[in-house]
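Student: I should like to work through some helix geometry and charged contacts in the structure shown here. May we begin with the terms required?

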Amino acid sequence: VLFRSDLLGPDSLFGLLATVRTGPGERGLARYLLEPASHTETLQRQEAVKELLPQTALREEIALLGATKFHQISGSFFDEWLEEEAPVFHPAFRIILVITAVLNVVLLLAGFTHLRAWGEVFPNLAAVLAVQGAISAYLRPKVMPLLQGGARLELNVRLLADGLAVMQSAEFACAKLKELQRKSFEPAGAVKLLKKLVSSLAIIEQRSKEYFLVLSLLLAAGTQAAISIADWKRKNAVAMREWLAAWAEFEALNAVATYAFEHPEDAWPELLPADHLPTFEGVAVGHPLLPGSVTNDVSLGSETRFFLISGSNMSGKSTLLRSIGTNAVLAYAGAPVRAKSLRLTPLRLGASLALTDSLAEGRSKFRAEVERLSAIVAGSETQGSLFLVDEIFSGTNSADRRTAAGAVLNRLLANGAIGALSTHDLALAELVTDANGGINVHMASPDPDDPLAFDYKLKPGVNTTSNALAIVRMLGL
């Protein structure tokens, strides 16, 4: 997918779908929107979403997990924590620390209960604390990274454990959900193991609190917790990655099901097999982020390979391209689409939309567009592709634009791609020929006396009107 900002940026499709509860869930949903899926995978997603669709009680239970979102961390934080190699501590250190902790408690109890005089207790207590302190100081280089990393994990690991418990208690019928549920059970004590980790992380969380500080020092709580966490990581890091992956995908499916529940008027797409000719056939296709948006029929496939959309400023060309792309992404995520019907094959999406100059990268808009188009062409060489190109080569003169656009289009069509491109330059209408399967369509005001009265509907043929002078007059110039 090559129009990431439309999918993950502000007011994006991700924002519309993001009812996930955790950082890993956010990443799972982002992957659903960005990464291509096979035909079989897409069918399984759709089946899973349909099964989750009526389960409102399950969605509410997931939404209520945890106490607050304030402490939520990104999914990558778990990765970084798991990738850090867990240090090895000699078993003798744990034994000695347990003994010194017990001795500290016994000595204090003996003093407070007057079993021993404080004059006798203090020297022994000081000796035990000295031994304990020496061990803690020796282990500090190994312990501190564990304490610093674990300080942010407690609530999030607790949330993961509670989420897996919810997923394990549900009953599913489809293969995708059963497989995710199976992964959450391996090993069988997944939730129990995570709760054990939470206990150690909770000690780290509490040791900085004033009421727990003295007791923490007496028990060497931080050092003992760090040893326990290191031991847990060595034994369970591989399994935890599986639990995180299962939960992330489950949350993504649940978010898509929430979208489907909230948009009952949307249609379920027909997912054609990969060996079918590249196809995108939609009736009344609208933009998912625009309630009540104007819709258009879009049929791209064996007969019509591409649309060349001409039109004036603000007529809706860019929004139409985005409508095609976002609905394809929704379909591959297993969601219903904003259309009366949609048939499509597995397609690699490549888009050149809203490109800008980058002063920081020393790159002009034209250079950025060339690089983007190159990536789209390269992607079309390995699988069926859907290209969406807005104002192709607008940063150059008409003659060069015609030649360059023709070269890109011919390569895409030779690779079997289908798609749409828009332009202000009517000379590009000549790119459509009887041989290449393209058609000229346009978007403009239907009222010749008011070029700004747009209806945002596709019309056959090349645009013959302009609204530039009308806009200048609107500005009082």
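Tutor: The expected span of a helix is 1.5 Å times one less than its number of residues. Please bear in mind that the model is predicted.

Student: How far apart are the end C-alpha atoms of helix α3 (residues 23-34), and what span is expected?

Tutor: Helix α3 has 12 residues, so at 1.5 Å a residue it should span 16 Å. The computed separation agrees with this expectation; the end C-alpha atoms are 17 Å apart.

Student: How many of the residues of α3 are buried?

Tutor: Buried means under 20% relative accessible area. Gly-23, Tyr-32 and Leu-34 are among the residues of α3 that meet this criterion. The helix is largely enclosed by the rest of the structure, because the buried residues number 9 of the 12.

Student: Which residue forms a salt bridge with Arg-45?

Tutor: Arg-45 is buried, as is its partner. Both residues lie in helix α4 (residues 39-52), 4 residues apart, about one turn of the helix. In an α-helix there are 3.6 residues a turn, so residues three or four places apart point the same way. With the closest N and O atoms 2.9 Å apart, the partner of Arg-45 is Glu-41.

Student: Where does Lys-317 lie, and which residue does its side chain meet in a salt bridge?

Tutor: The N to O distance of this salt bridge is 3.6 Å, and the partner of Lys-317 is Glu-391. The pair links distant parts of the chain, 74 residues apart, with Glu-391 in the loop between β7 (385-389) and α16 (398-414). Lys-317 lies in helix α14 (residues 317-332).

Notes: Residues numbered from 1 in each chain as written. Predicted model: local features only at pLDDT ≥ 70, side-chain atom pairs only at ≥ 80, totals over all residues. Heavy atoms only, no water. Helix = DSSP H or I, 4+ residues; strand = E, 2+ residues; numbered from the N terminus. Buried < 20%, exposed > 50% of the residue type's maximum accessible area, 1.4 Å probe, protein only. Salt bridge = Lys/Arg side-chain N within 4 Å of Asp/Glu carboxyl O.
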